[in-house]
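User: Hey, I'm new to this one. Can you walk me through it once it's up on the screen?

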Amino acid sequence: MSYGPPLLLASLNPAAIAAGADIPDAVTIDDATLSRSDLLGAATSVAERIARADRVAVLAEPTVRTVLAVVGCLIAGVTVVPVPPDSGAAELEHILRDSGAQAWLGAAPDGTGLPVVPVRLHARSWHTYPEPDPASTAFILYTSGTTGAPKGVMLSRAAIAAGLDALAEAWDWTWKDTLVHGLPLFHVHGLILGLLGPLRVGSPVIHTGKPTPEAYAAAGGTLYFGVPTVWSRVVEKPELARELGKARLLVSGSAPLPVPVFERLTELTGQAPVERYGMSETMITLSTRADGERRPGWVGTPVRGVRTRLRDEAGEPVPHDGESIGGLQVRGPMLFDGYLNRPDATAADWTDDGWFRTGDVAVIDADGRHRIVGRESIDLIKSGGYRIGAGEIETALLGHPAVAEVAVVGLPDDDLGQRIVAFVVARDGGVDAAELIAHVGEQVSAHKRPREIRFVDALPRNAMGKVQKKLLS
Ligand code: MLC
Ligand code: AMP
C-alpha cells in the first residue's frame with residue numbers, strides 16, 4: 001500500500017495512521033505518553049498556528065510542548081531554532097538576533113520582546129499539509145566555534161533524512177526498538193537522532209528528563225543513547241548497569257569514550273557499546289555497525305553515503321595505514337548547508353574540492369576503521385559531550401570589571417572528559433571565584449560555566465605576546 005510521498009517523519013503519516021498504524025507510546029517525555037495519532041493531531045494544530053512564519057524559536061526543555069512545537073514546525077515547513085533553556089542573556093540575544101526568529105513557539109523566557117505562540121496540549125487538527133521541499137532548512141542549531149558567539153548550523157530536511165536512514169541501517173534500528181535517552185533537545189544527539197530518529201523509524205522513544213543511571217535502568221528499552229559522561233556514571237552503579245544488559249544496543253557518541261569505560265560497560269552488560277562520531281555540521285558520519293567489530297577507542301567506518309580522507313597541514317594526503325595522523329575531512333548527504341549569516345566561516349570549513357574539514361585529527365586503517373585522536377584547536381572544549389568555545393567564555397569573563405586577563409582551557413576530567421577551567425588575572429581588589437562563575441552563567445548557558453577559576457599573577461605568553469595555553473594545567 002502506498003501512502004503518498006516519503007515524509008521526513010515517516011511514522012506520522014496521516015493516511016497510515018488513519019488506516020490503523022497507530023501506536024499508543026510513540027513518545028514518552030515529561031511524565032506523559034503520546035500515541036502517534038495524539039502527536040500528529042496536536043502537532044498539526046501547532047502547524048496551523050505558525051504555518052505563515054519562516055522561523056520560530058523553541059525553548060528546548062524536555063517537555064511534551066517542545067516535542068509538539070518541533071513536530072508542528074516540521075509539518076508546516078517552518079524552520080526551528082532550538083534554544084538551550086538555560087541560555088544566559090548574551091547568548092539568547094545573539095541567537096534571536098542572528099537567527100531572525102519571529103516568535104517563540106511554546107515556552108518563552110521571562111521578559112522576551114518577541115511574540116509568544118502558545119502550544120496547546122489538547123488541541124487537535126487533522127488538516128493535511130504537503131511535504132515541504134527536502135532542500136528547505138529544518139533547523140538552525142547553534143554551536144560554538146573557537147572564538148566569538150555560536151554559529152547557526154543550517155540543516156536541511158534532506159540531510160536529516162539521509163543521516164537518520166544511514167544510522168538505521170548501521171544499527172539495524174527498526175520500529176521494533178524502543179529508544180531511551182535523556183539528552184538535551186537542542187543538539188544533534190538528543191534532538192535529531194533522539195527525537196526525529198524514532199519518529200522516522202517508527203520506534204517508540206522514552207525521554208528520561210536527565211540521563212541518569214537510575215532512569216536508564218528503569219526504562220527497559222532496547223536501544224540507548226548516551227554521551228561518555230553518561231556511560232561513565234552508569235558503570236559506577238554496577239547493579240543498574242547490569243539492567244542494561246537486556247538492551248539490544250548501547251550507543252555512545254559526542255565525545256571520546258574512555259577505553260576503561262568501554263571495557264567496564266562490556267563487562268557489566270555483556271555487550272560492547274557501539275561508538276559513533278559526528279558533529280552538529282555533519283550529523284553522524286562514522287559508526288560501528290550493529291553487526292560489526294566493536295573496538296575500544298575506535299568509532300567505526302563511514303555510514304552509508306559518507307566518504308572520508310586525511311590531510312596534513314599542507315593539504316597533502318595522509319596514508320590510511322592505521323598509524324598516520326591527519327586532519328579528518330568528510331563528504332556525504334547528511335552535511336549542513338553552511339552557517340547562517342557567516343559565508344566566511346562556511347567557506348573556511350570547506351576545501352576547494354568540496355570536502356568538509358571537521359577540525360578533528362584522526363587515524364584510518366586499511367579496512368576503513370577510524371580512530372579520533374583529538375581536535376586541531378585547543379580552543380574547542382568538550383565537557384560532558386557539550387562543545388564549548390574558549391573564546392566565548394573568555395569574552396564573558398572579560399565583561400566582568402574585576403577581570404584583567406583570562407585564558408580558558410579544557411583540562412582532563414574523569415567524569416566530564418574535559419572540565420572548563422579559567423585562568424584569571426584579577427584587577428586590584430580581586431573577586432570571588434563563585435561570583436565569576438555566576439557571571440558567566442548570566443551571559444551564556446549553564447553548561448558553559450567554568451567548573452574552576454584559578455587566579456594567577458600573569459598568563460604564560462610567548463615572545464609575540466600570545467598566550468601559551470599548552471602551559472596551563
Ligand atoms: C555544573 N554545575 C555547576 C557547574 N557546572 N555548578 C557550579 N559551577 C559550574 N561550573 C551544577 C549543575 O548545574 C548541576 O546542578 C550539578 O552541578 C551537576 O552538574 P553535572 O555534573 O554537569 O551534571 P549534569 O548537570 O547532570 O550534566 C552532565 C550531563 C550533561 C552528561 C547530563 O553534561 C549532558 O546532558 N550532556 C549532553 C551534551 C550533549 O547532548 N551533547 C551532544 C552535542 S551534539 P543541579 O542543581 O542542576 O543538579 C554532538 C554531535 C554528536 O556532539 O556526535 O552527537
Ligand atoms: P558538536 O558540534 O557538539 O556536535 O561536537 C562535535 C565534536 O564532538 C566533534 O568534532 C568531535 O570533536 C567530538 N566527537 C563527537 N563524537 C565523537 C566520538 N565518538 N569520539 C570522539 N570525539 C567525538
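Analyst: Sure. One spot to begin with is a cluster made of F336, Y339, W350 and F356, which are linked by ring pairs. Keep in mind that this is a predicted model.

User: OK, and what lies over the face of Y339?

Analyst: That's K151, at 4.3 Å from the centre of the Y339 ring.

User: Which charged end sits over the ring of W298?

Analyst: The one belonging to R371, and its distance from the ring centre of W298 is 5.9 Å.

User: Back to rings for a second. How many aromatic pairs are there in the whole structure?

Analyst: A search of the whole structure turns up ten aromatic pairs. Take Y216 and Y224: the ring centres are 5.5 Å apart and the planes meet at 45°, so this pair counts as tilted.

User: Why tilted, and not stacked or edge-to-face?

Analyst: Because stacked needs planes under 30 degrees apart and edge-to-face needs over 60. The planes of Y216 and Y224 are at 45°, so neither label fits and the pair is tilted.

User: Are those two tyrosines, Y216 and Y224, buried or exposed?

Analyst: Y216 is buried, at a relative accessible area of 0%. Y224 is buried too, with 2%.

User: New topic, the ligands. Which residues come nearest to ligand 1?

Analyst: There are 21 residues around ligand 1, and the nearest of them are S254, R276, G384, P450 and R451.

User: What polar atoms does ligand 1 have beside it?

Analyst: For one, a polar side-chain atom of S254 is 2.6 Å from an oxygen atom of the ligand. R449 also has a polar side-chain atom by a ligand 1 oxygen, at 3.1 Å. With G385 the backbone is involved: one of its polar backbone atoms is 2.9 Å from a nitrogen atom of ligand 1.

User: How much of ligand 1 does the protein bury?

Analyst: The protein buries 70% of the 1100 Å² that ligand 1 exposes when taken alone.

User: And which helices and strands help build that shell?

Analyst: α6 (188-201), α8 (228-235) and β13 (274-279) each give at least two residues to the shell around ligand 1. By class, that shell has eight nonpolar, seven polar and six charged residues.

User: What about ligand 2, which residues are closest there?

Analyst: R276, S280, D360, R375 and R387 are the closest of the 15 residues that surround ligand 2. R276 is also among the nearest residues to ligand 1.

User: How far are the polar atoms of those arginines, R375 and R387, from ligand 2?

Analyst: R387 has a polar side-chain atom 2.4 Å from an oxygen atom of ligand 2, and R375 has one 2.6 Å from a ligand 2 oxygen. D360 also has a side-chain N or O atom 2.5 Å from an oxygen atom of that ligand. Taken alone, ligand 2 exposes 500 Å², and the protein buries 93% of that.

User: Which element gives the most to the shell around ligand 2?

Analyst: β13, with four residues. β19 (370-375) supplies at least two as well. The classes in this shell are six nonpolar, four polar and five charged.

User: Last one: where is T308 found?

Analyst: In strand β16, which covers residues 307-311. T308 counts as buried, at 14% relative accessibility, because the cut-off for buried is under 20%. The T308 side chain also makes a polar contact with the side chain of H370, at 2.8 Å.

Note on methods. Residues are numbered from 1 along each chain as its sequence is written. Chains are lettered from A and ligands numbered from 1 in the order in which they are written. This is a predicted model: local features need pLDDT of at least 70, side-chain atom pairs count only at pLDDT 80 or more; totals for chains, interfaces and linings use all residues. Side-chain values use heavy atoms; hydrogens and water are left out. Rings of Phe, Tyr and Trp (its six-membered ring) pair if their centres lie within 6.5 Å; planes under 30 degrees apart count as stacked, over 60 as edge-to-face and the rest as tilted. Buried means under 20% relative accessible area, exposed over 50%, partly exposed in between (1.4 Å probe, protein chains only). A charge sits over a ring if NZ of Lys or CZ of Arg is within 6 Å of the ring centre and within 35 degrees of the ring normal. A residue is near a molecule or strand if one of its heavy atoms lies within 4 Å of it. A polar contact is a pair of N or O atoms within 3.5 Å; within protein, one must be able to donate a hydrogen and the other to accept it, and residues adjacent in sequence count only if both atoms are side-chain atoms. Accessible areas come from the Shrake-Rupley method with a 1.4 Å probe; for residues, only the protein chains shown count as cover. Ala, Val, Leu, Ile, Met, Phe, Trp, Tyr, Cys and Pro count as nonpolar, Asp, Glu, Lys and Arg as charged, and the others, Gly among them, as polar.
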